[in-house]
Amino acid sequence: MFKSEYPIFVHKNILKIEMLEKIRDYPRDFLDIFYQEYSDGVLEGCEVEVKEHFLLLHPGIILFHQRMYCSKEYQKIPYSATDCLMYLKIRFFDEEKEIEGVKYLSEIILSEEGINQRDEIELCRFHLEKKAKLRSEYQDFADFSTKYNTINRIYVPYAEKKMSTLWPYLLEYFAKKNMKKQKLQTEDVIFCMNILRDKKAVSRDLIITYIEKKTEKEVKDFDNYNLYLELLKILQEGSYEEKKKEQRVRKPYKIIVD
């Protein structure tokens with residue numbers, strides 16, 4: 001049976017435990033049902049911005065083992081040039097039972113150690129060389145995977161139904177560049193409009209279907225990085241063809257006079 005109940009608080013009425021339980025349980029029950037098919041990953045926010053001497057992690061929500069973890073404040077994480085690959089990640093702890101209730105806590109870690117899939121989620125990675133400057137802004141789509149001195153968020157899992165997906169900003173960047181092409185196929189328009197319509201996480205299935213349509217090959221067991229590489233190829237191939245066409249059009253004709 002489906003139902004909707006909520007308590008009404010009236011002056012001088014007896015406050016019952018059941019009334020408070022309804023207030024407590026309703027938001028949690030709603031979210032549990034809504035996200036029950038979602039994978040682990042970032043649900044909202046959690047962008048990483050580079051400042052002079054620290055990384056600024058934006059507020060956000062992360063889904064881990066069907067449980068939502070919220071951060072309402074900006075958090076500063078000091079960093080330095082170690083000349084090795086560093087991982088910014090969240091490590092989740094087991095539940096803590098107290099008299100007042102149950103807590104599920106986590107901590108933010110910047111470490112050389114890779115991601116432990118059992119109890120950690122990646123937020124970004126970077127390799128900062130000595131005397132170099134770290135950046136979180138990108139010159140073009142290929143720049144998202146620049147190996148040194150650049151924040152890399154390609155590997156970050158974003159929560160979606162069944163399987164995690166790619167960083168929404170990366171897909172939005174791709175869609176905007178792709179839509180500027182002179183000639184677009186139907187699948188290009190549909191895919192890009194889906195991305196730009198809500199600017200939210202796009203399902204992994206949709207990304208795979210689009211890549212398969214464009215490349216005419218099966219996408220099997222591709223991780224985030226390989227999906228990104230396929231999107232990069234699609235963007236570069238189109239741009240290259242258009243440049244060649246422009247060069248042919250602009251090439252002056254030669255007139256030979258006998």
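## Helix α2

How many of the eleven residues of helix α2 (residues 168–178) are buried? Eight of them are, which leaves this helix mostly covered. Keep in mind that we're looking at a predicted model here.

If you want to find the buried ones, look for P168, L170, L171, E172, Y173, F174, A175 and N178.

## The nonpolar cores

Now for the inside. The largest nonpolar core takes in 51 residues. Within this core, the residues with the most contacts are L55, F126, F141, F144, L170 and L231. Helix α5 (residues 224–250) supplies the largest share, with six residues. There's another core too, lying apart from that one: it has five residues, and Y38, L43, L63 and A159 are among them.

F141 is a handy place to start exploring. Leaving aside residues up to four places away in sequence, F141 touches L170, Y173, F174, Y228, L231, L232 and L235. Three names on that list should ring a bell: L170, Y173 and F174 also belong to the buried set of α2.

## The sheet

There's also an open sheet to look at, built from three strands in the order β1-β4-β5, with antiparallel pairing. The edges belong to β1 (41–45) and β5 (67–71); each has a single partner strand, so one side of each has no neighbour in the sheet. Going from one strand to the next, the twist averages 20°.

Zoom in on β1 and you'll see it pair with strand β4 (residues 60–64) through four bridges, in the antiparallel sense. As a landmark, E44 sits opposite I61 in β4.

Methods: Residues numbered from 1 in each chain as written. Predicted model: local features only at pLDDT ≥ 70, side-chain atom pairs only at ≥ 80, totals over all residues. Heavy atoms only, no water. Core = buried A, V, L, I, M, F, W, Y, C linked by side-chain atoms within 4.5 Å. Buried < 20%, exposed > 50% of the residue type's maximum accessible area, 1.4 Å probe, protein only. Helix = DSSP H or I, 4+ residues; strand = E, 2+ residues; numbered from the N terminus. Contact = heavy atoms within 4.5 Å. Pairing = 2+ DSSP bridges. Axes fitted to C-alpha atoms, helices over the stretch in contact; angles between N-to-C directions.
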